[in-house]
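Reader: I'm new to this one. Could you take me through a close look at the place where the two chains meet?

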Amino acid sequence: MDIARMARLAPVDYVVMAVYFAAVLAVGWLLRRLMRTSTDFFLSGRSLPPWVTGLAFISANLGAQEVLGMGASGAKYGIATSHFYWVGAIPAMVFVGLFMMPFYYGSRARSAPEYLKLRFDEKTRTLNAVSFAVMTVFSSGISMYALGKLLNLLLGWSFDASILVSAVIVLAYIVLGGLTSAIYNEVLQFFLIVFGFLPLVWLGLVAVGGWHGLSMQLSALSVARGFPADAYTHAWRTMGDAARNPIGVEWFGLVMGLGFVLSFGYWCTDFLVVQRAMAAESMTAARRTPLIAALPKMFFPFLVILPGMIALVLSGAGGAHGLIPAKLTAAGLPLLDAAGHPVLDYDLATPMLLIRLFPTGMLGLGLTALLASFMSGMAGNVTAFNTVWTYDIYQAHIRKGASDAHYLWMGRAATVVGIVLAIAAAYVASAFNNIMDMLQLVFAFVNAPLFATFSLGMFWKRTTGHGAFWGLLSGTIGAAVHHGLTLPAGAVPGIKGGYLGLVHTYPSELAQTFWTAITAWTTCMVVTIVISLMTRPRPDEELRGLVYALTPRQTDAEHSFWRRPTTLGVIVLIMTLALNFVFF
Amino acid sequence: MSGSASLDLRLPIGGLFTALGVIIGGYGIATNGSAIYAQSQSININLWWGLVMLLVGVLMFVAGMRASRGAHPSGMHETVESPEGRATERREHRSGLEQ
């Protein structure tokens, strides 16, 4: 297959892309005059309405890992991928909105690591800040790598040029308009992604005969792969036994690993998303941010997972695997696994469907939506990076007490450096066959223990700085040890685990990731509690507004019943529960 | 605090979708009946989706314009003063975080 001819763009497609580029740059340009202080630049002057911060909250996370990774997982694991939303993200978003935001926003910390500084001490903040900074660079590098690879494969564009052009655009609008510009563009990108993918799902369903047609074809495929007929079309029915579903995990590993540890770890502590809520105009707006975000988020499986499932059954280049092509070696030949079967490139599921169903015109829109997702993810990472670098590393350790103008300048410089580092990371990232699994792995090492630290810090006033620091460190080490001692089925020791010896083999990478996260969280929890009990706690007076027991309850009595965060949270949970039952 | 309200977000989004709707919808009209729609299940997706985007774009733009002309642009509210906010400010002052 001649790769460069997978798709050809017509002038109208380029016009659509150009209009989008002009729009994001215009937003940055219009906002440039508003960036007077570092608070404007890093926190949008805490002045944004909740619908804006709410949509940015999900859009910042809607990068390559979500759009391509969820399509890939949809093709690999079927509708059960929606557990990432209905067991994972949504309950965590409700929790962060109702219970944790009062401390993030109320403490007036300017970043998540800074909350750790206020609650615990400098060393805990620094540990979190450094690991977080590394992670944002890494994430945005992966996002860029995926973009460059994809545009090269689909359109024959140069890998380097694709990366450079998108990086320069993101750089320009962030340097101009800071966090406000990133957030405004994230909302714009959110709409573009939704409007680019909705017609894809619509045409896809028409092509496969609706949900009914899709279910019939997936049942046949499921049986052919040795699973029960409903393994790809029902989220829960085959979760009783790890051997009966393609994820290779049973319900406990799923709920604890993905739902509790990974998702709460990500959505409740990751400054990339929490920063959006911290930019809100008031405490109530900050608390409503993740809840408003949860409303569209719960329907995202239909937008990003369904295309992967449809791509699996539409007849195409992949033969029995629908539109999904084999991975290619550097020489352009199909990559084979140990058994001689071609290794499938699941990340291409969604883009292949796009090319298959969109004519000229809509193709431009679909590709622009993909570009928008990459840019929103990259911008989210870069704005979180420049804030953590400037406040938690530079101001804390390198240059204290400089003028505000100096930190504003440093924020802009950090934006440039962050993007340069991310470009470097893009050239490093290419070992995993599924970007989502790789990111989940990184999050498992760094984020899973974090949720234990933050929740103990917020809800148990006895927790001490020493306990938090050593707990966090041992959690991350625990994750690395578990990962080093286990392997997913069929993998060789190396980046996928097993580098410390092999004591257990999991049926899939995801199952291994979930258990790595559970190990990290448990280790952090136990070590933090034990060391806290052995060290001296801070007096209550210093912890007011930082710990649940010492902070007045949020009553929200000044708001009408339906505007209260609690009401919204309950509605979100009921709707999510209903979705679980519909696709049980 | 510099007002984010000085740019109503609905204006750029409305503008973008109006432009996209015109371009893609216009292209759909120009290519109506063309063989390129074989791949989209014989649906002139450019025309239909262009119209949808145009409608959404115009509605957003109009809503943004109306709000911008009003006395209290959307997105600008009085900051809520609460006792706990003041307590936080005191703590902030003590820990030298105040800006």
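Author: Sure, and keep in mind that this is a predicted model. Chain A and chain B bury about 4,200 Å² between them, with carbon and sulfur atoms giving 71% of that area. On the chain A side, the residues that lose the most area to chain B are A:Tyr184, A:Phe195 and A:Pro359, which together make up 13% of what that side buries. If you'd rather count residues, 57 from chain A are in contact with 41 from chain B.

What about polar links? The rule turns up zero salt bridges across the interface of chain A and chain B, but it does find seven residue pairs in polar contact there.

Now for the helices. Several in chain A each supply at least two residues to the side touching chain B, among them H1 (11–31), H6 (112–119), H8 (159–208) and H15 (362–398). H8(A) gives the most, with twelve residues. Sort the residues of that whole side of chain A by type and you get 36 nonpolar, ten polar and eleven charged.

H6(A) deserves a look of its own. Seven of its eight residues are buried, so H6(A) is largely enclosed by the rest of the structure. The buried ones are A:Ala112, A:Pro113, A:Glu114, A:Tyr115, A:Leu116, A:Leu118 and A:Arg119. Check out the start of H6(A) too: there, the backbone nitrogen of A:Glu114 has a side-chain oxygen of A:Ser111 within 3.1 Å.

How values were computed. Residues are numbered from 1 along each chain as its sequence is written. Chains are lettered from A and ligands numbered from 1 in the order in which they are written. This is a predicted model: local features need pLDDT of at least 70, side-chain atom pairs count only at pLDDT 80 or more; totals for chains, interfaces and linings use all residues. Side-chain values use heavy atoms; hydrogens and water are left out. Contact means heavy atoms within 4.5 Å. Buried area is the accessible area (1.4 Å probe) that two parts lose on being put together, summed over both. A salt bridge is a side-chain nitrogen of Lys or Arg within 4 Å of a carboxyl oxygen of Asp or Glu. A polar contact is a pair of N or O atoms within 3.5 Å; within protein, one must be able to donate a hydrogen and the other to accept it, and residues adjacent in sequence count only if both atoms are side-chain atoms. Helices (H or I, at least four residues) and strands (E, at least two) are DSSP runs, numbered from the N terminus. Ala, Val, Leu, Ile, Met, Phe, Trp, Tyr, Cys and Pro count as nonpolar, Asp, Glu, Lys and Arg as charged, and the others, Gly among them, as polar. Buried means under 20% relative accessible area, exposed over 50%, partly exposed in between (1.4 Å probe, protein chains only).
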